[in-house]
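Reader: I'd like a close look at one part of this protein, the aromatic rings and what sits around them. Could you walk me through it?

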Amino acid sequence: MEEFYRIRRLPPYVFEEVNRAKAKARNAGADIIDLGMGNPDLPAPQHVIDKLKETLGKPRTDRYSSSRGIPGLRRAQAAYYERRFGVKLNPETQIVATLGSKEGFANVAQAITAPGDVIIVPDPSYPIHAFGFLMAGGVIRSVSSDPTPDFFLQVERAIRHSIPKPIAIVVCYPSNPTAFTADLDFYKDLVAFAKKHDIFILSDLAYAEVYFDGNPPPSVLQVPGAIDVTVEFTSMSKTFSMAGWRMGFAVGNERIIAALARVKSYLDYGAFTPVQVAATAALNGPQECISEMREVYTRRREVMVESFSRAGWDIPAPRASMFAWSPIPEPFREMGSVEFAKLLVEKAEVAVAPGTGFGERGEGFVRIALVENEQRIRQAARNIRRFLENAPTQLHNVVPLANRR
């Protein structure tokens, strides 16, 4: 039987191959050190958990909530943007609470995309950036995700050769998976470019607070006039280690925010009210927990870069995000990122995310998440060292990517 239309537009989920390898190894008793999924292992702040408990189980808060987000939560997000970026937002017209940034992206795609509309998306990039629009019937034009002058040459070319003209461009800095960061000058050029070509900017800023070396990533909305063409998505998943709580935001251009709010009003009643109340407490309450989170990831980054290097695998130190984006070690490069990731699970008991899961240009790389403690990261490095020392044996019978049919 033929696949349904929207399912046909989705490629095979490459991460599933690695997940199956992990499950098989665990069933055989292996202790897999999972550095694949960006799933925070830190606890949510105690004052946030306390607020959740305080709000639970009351008739008023157990009822349907608001799909746009309760007013106090939207005001708290506006206060965060003013405090962190110096950007003033109207909580009534320029902010919508989402079920994480992923749901926000998927539903904004439904809200603004007509069949055949062209969207410019970086490659490699977080999958929802492309597939949200593919599921909505859109067409993807890929450009490099590196925020260099060449980025604008590629986007200019994509606009010139796309029929119809693209309606929007997606950016994500700090980037998942590459950990690239962008500065305010890049955003100034991006806003000018978007206005010149009459296209929208959709910015994913989920890793705004996970940065190193004392350089806070800016928001594109800091550029004067950016709100005319921009909607930005943020998330509480990484900032407050609240990934499972599914709490995020879309902010910016009133027309797109209104369209997103209207779509969401037909699809959901918003997050559970106690979760929204607790999220409000997170945004309005003590912020030391964010600095503590950042310090944890900084130490893990340093341990990973140092211990993996000693093991024989040089990992570029990320400037931000909770990921390292690393070239596959030379002896294994020809086999491709999926086969390498599966081999790493089987032979080193370490799981990473294959780069090709983030786009065609991700081939030759893997994404390594800082989601285990320092002791486990060092153990992963020891396992990898043994794996690399036995490289000729590990490569035996592995079919290179170029030779597969």
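Is phenylalanine 387 buried or exposed, and what is its relative accessible area?

Author: Phenylalanine 387 is buried, because its relative accessible area in this predicted model is 1%, and the cut-off for buried is under 20%. Let's start with the wider picture and come back to that ring.

Searching the whole structure turns up 20 aromatic pairs. Take phenylalanine 152 and phenylalanine 193: their ring centres are 5.8 Å apart and their planes meet at 50 degrees, so this pair is tilted. Phenylalanine 152 belongs to helix α7 (residues 149-160) and phenylalanine 193 to helix α8 (residues 184-197), so the pair ties together parts 41 residues apart in sequence. Both rings count as buried: phenylalanine 152 has a relative accessibility of 14%, and phenylalanine 193 has 9%.

Now back to your residue. Phenylalanine 387 pairs with phenylalanine 332, and with centres 4.9 Å apart and planes at 20 degrees, the pair is stacked. This one links distant parts of the chain too: phenylalanine 332 is in the loop between β9 (323-327) and α13 (337-348), while phenylalanine 387 is in helix α14 (residues 374-389), 55 residues apart. Phenylalanine 332 is buried as well, with a relative accessible area of 0%.

There's also a group to look at. Phe152 and Phe193 turn up again in one aromatic cluster, together with Phe151, Tyr173, Phe186 and Tyr187. Elsewhere, a ring has a charged neighbour: arginine 367 lies over the face of phenylalanine 323, at 3.9 Å from the ring centre.

Some aromatic residues are found in helix α4 (residues 71-85) too. Tyr80, Tyr81 and Phe85 are among the buried residues of α4, which also include Leu73, Arg74, Ala76, Gln77 and Ala78. The buried residues of α4 pack against β2 (95-98), β7 (230-235), β8 (248-252) and α11 (273-284). As for the helix itself, 15 residues at 1.5 Å a residue should span 21 Å, and the end C-alpha atoms of α4 are 21 Å apart, which agrees. Right after α4 comes glycine 86, with a positive phi near 70 degrees.

To place all this, the UniProt record (an unreviewed entry) annotates residues 31-383 as "domain: Aminotransferase class I/classII large". In the model, the end C-alpha atoms of residues 31-383 lie 11 Å apart, and the span is 42% helix and 15% strand.

Terms used:
Residues numbered from 1 in each chain as written. Predicted model: local features only at pLDDT ≥ 70, side-chain atom pairs only at ≥ 80, totals over all residues. Heavy atoms only, no water. Helix = DSSP H or I, 4+ residues; strand = E, 2+ residues; numbered from the N terminus. Expected span 1.5 Å × (residues − 1). Buried < 20%, exposed > 50% of the residue type's maximum accessible area, 1.4 Å probe, protein only. Contact = heavy atoms within 4.5 Å. Phe/Tyr/Trp six-rings, centres within 6.5 Å; stacked < 30°, edge-to-face > 60°. Lys NZ or Arg CZ within 6 Å of the ring centre and 35° of its normal. UniProt positions renumbered as here; feature names shortened; annotations may be inferred.
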